Amino acid sequence: MAPWQVQSGKGTAVTNGGTLSLRHRTQLPAGYENDCSGTPSGSPVYGVCLAAGPCGPDSPSATPTDTVKFALRGGLAAKVGWQDHPDLVVTGINSGPNVSAQVNDSGTVGGALAALDEGVPAVAFSSSSDASQFNFPVVNYRAHARFAAGFLGGLRERDLLTDLFALKVDYPDVSAGRRAKPPVWTSIGHGKVVWHAYEARTPGELGSDLFDITFDICDNEPASDCTETVRGADSTALLGRGHVTVAPVTADRTYGARTSGAGQRDLARLKEYVEHHAPRY
């Protein structure tokens, strides 16, 4: 089960009302027809849209989090008879890496976190673009898919699937013939790879109501808002050095879990205020 339309940038968004509809895809792309045909269920493929009737070309899509929650809270049971949760939820392969600050925007990561909420292990896969930063060659997806199959098999063989955290796996660009460098364990960075801007349709006119959303690749110049500052960050290893990057992700974003120095002092002062001096009404 997957969202009906591309849902890039949806993060952990959910839909709070309306009707979900499924569309069974009976014909898969050439070369993929028999990938999972030997499974007990036959591995049917469903797109999930928001509609009171059949999903059509213009139907709005369920979000990634909608899709995972629906699948685990009744969709799989209703359509293929699964009475228990699956062993694993896989999201992606996303078009473009999900690293640094963009992880918060990612529907691919959002879907994986939704699986954790249901106690199901999850892995989120994302593949890099080519050097242009805007094209996504099929060769990158295929290389990532081969890696992903072996990676997931190894996790299961070693009993490493866990619902304590999701794994975020980003694959480098190999479209120019360069091989991916070995996987590395990374942290999610704080810099930015892409930048969203909002430009008034009528520049200089006070009170304009129309703003165009623009999207561009960050220059990553020193001291810019995009610059990565985290040592061992996913974006540096992936985009700068060409490694497959793996990072653990959870929904617990409580600040300070791994903070030291001045950050810890600030936290201690805040904690003392909250517990002893904050208003009590």
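This briefing walks through a sheet, a buried helix, two nonpolar cores and a small aromatic cluster. Keep in mind that you're looking at a predicted model. The sheet is an open one made of five strands, and helix H2 (107-117) lies across four of them: E4, E5, E6 and E10. Over in another part of the story, Phe-147, Phe-151 and Tyr-171 come together as one aromatic cluster.

**The sheet**

- Go across the sheet and you meet the strands in the order E4-E5-E6-E10-E7, with mixed pairing.
- As background, strands of a sheet pair through backbone hydrogen bonds, and they can do so in a parallel or an antiparallel way.
- E4 and E7 (181-185) are the edge strands, so each of them pairs on one side only.
- On average, neighbouring strands here are turned by 15° against each other, if you ignore direction.
- For a parallel example, look at E4 and E5, which pair that way over five bridges.
- Want a spot to find by eye? Thr-91 stands opposite Ala-124 in E5.

**Helix H2**

- H2 runs at about 175° to E5 as it lies across the sheet strands E4, E5, E6 and E10.
- Ten of the eleven residues of H2 are buried, so the rest of the structure largely encloses this helix.
- Among those buried residues are Gly-107, Val-109, Gly-110, Leu-113 and Leu-116.
- What do they pack against? The buried residues of H2 pack against H1, E4 (89-95), E5, E6 and E10 (243-249).
- Check out the start of H2, where a side-chain oxygen of Ser-106 comes to within 3.2 Å of the backbone nitrogen of Thr-108.
- Just after the helix, Gly-119 takes a positive phi of about 80°.

**The nonpolar cores**

- In soluble globular proteins, nonpolar side chains tend to be buried together.
- The largest nonpolar core in this model has 17 residues, and the ones touching the most other members are Val-68, Leu-72, Val-89, Val-109, Ala-115 and Ala-122.
- Three elements give two or more residues to this core: helix H1 (64-80), helix H2 (107-117) and strand E5 (122-127).
- H2 gives the most, with six residues.
- Leu-72 is a good one to click on: beyond its neighbours within four places in sequence, it is in contact with His-85, Pro-86, Val-89, Ala-115, Glu-118 and Val-120.
- There's also a second, separate core of 13 residues, which includes Val-123, Ala-143, Phe-151 and Leu-152.

**The aromatic cluster**

- How many aromatic pairs does a search of the whole structure find? The search turns up two.
- In one pair, the ring centres of Phe-147 and Phe-151 are 5.5 Å apart and the planes sit at 20°, so this pair is stacked.
- Phe-147 and Phe-151 are four residues apart in helix H3 (residues 138-157), which puts about one helical turn between them.
- In the other pair, the ring centres of Phe-147 and Tyr-171 are 5.9 Å apart with planes at 50°, so this pair is tilted.
- Phe-147 is in helix H3 while Tyr-171 is in strand E6 (residues 166-171), so the pair ties together parts that are 24 residues apart in sequence.
- Is Phe-151 buried or exposed? Phe-151 has 18% relative accessibility, so it counts as buried, because the cut-off is under 20%.
- Tyr-171 is buried too, with a relative accessible area of 8%.

Conventions
Residues are numbered from 1 along each chain as its sequence is written. This is a predicted model: local features need pLDDT of at least 70, side-chain atom pairs count only at pLDDT 80 or more; totals for chains, interfaces and linings use all residues. Side-chain values use heavy atoms; hydrogens and water are left out. Rings of Phe, Tyr and Trp (its six-membered ring) pair if their centres lie within 6.5 Å; planes under 30 degrees apart count as stacked, over 60 as edge-to-face and the rest as tilted. Buried means under 20% relative accessible area, exposed over 50%, partly exposed in between (1.4 Å probe, protein chains only). A nonpolar core is a set of buried Ala, Val, Leu, Ile, Met, Phe, Trp, Tyr and Cys residues joined through side-chain atoms within 4.5 Å. Contact means heavy atoms within 4.5 Å. A polar contact is a pair of N or O atoms within 3.5 Å; within protein, one must be able to donate a hydrogen and the other to accept it, and residues adjacent in sequence count only if both atoms are side-chain atoms. Two strands pair if DSSP finds at least two bridges between them. Axes are lines fitted to C-alpha atoms, for helices over the stretch in contact, and angles run from 0 to 180 degrees between N-to-C directions.
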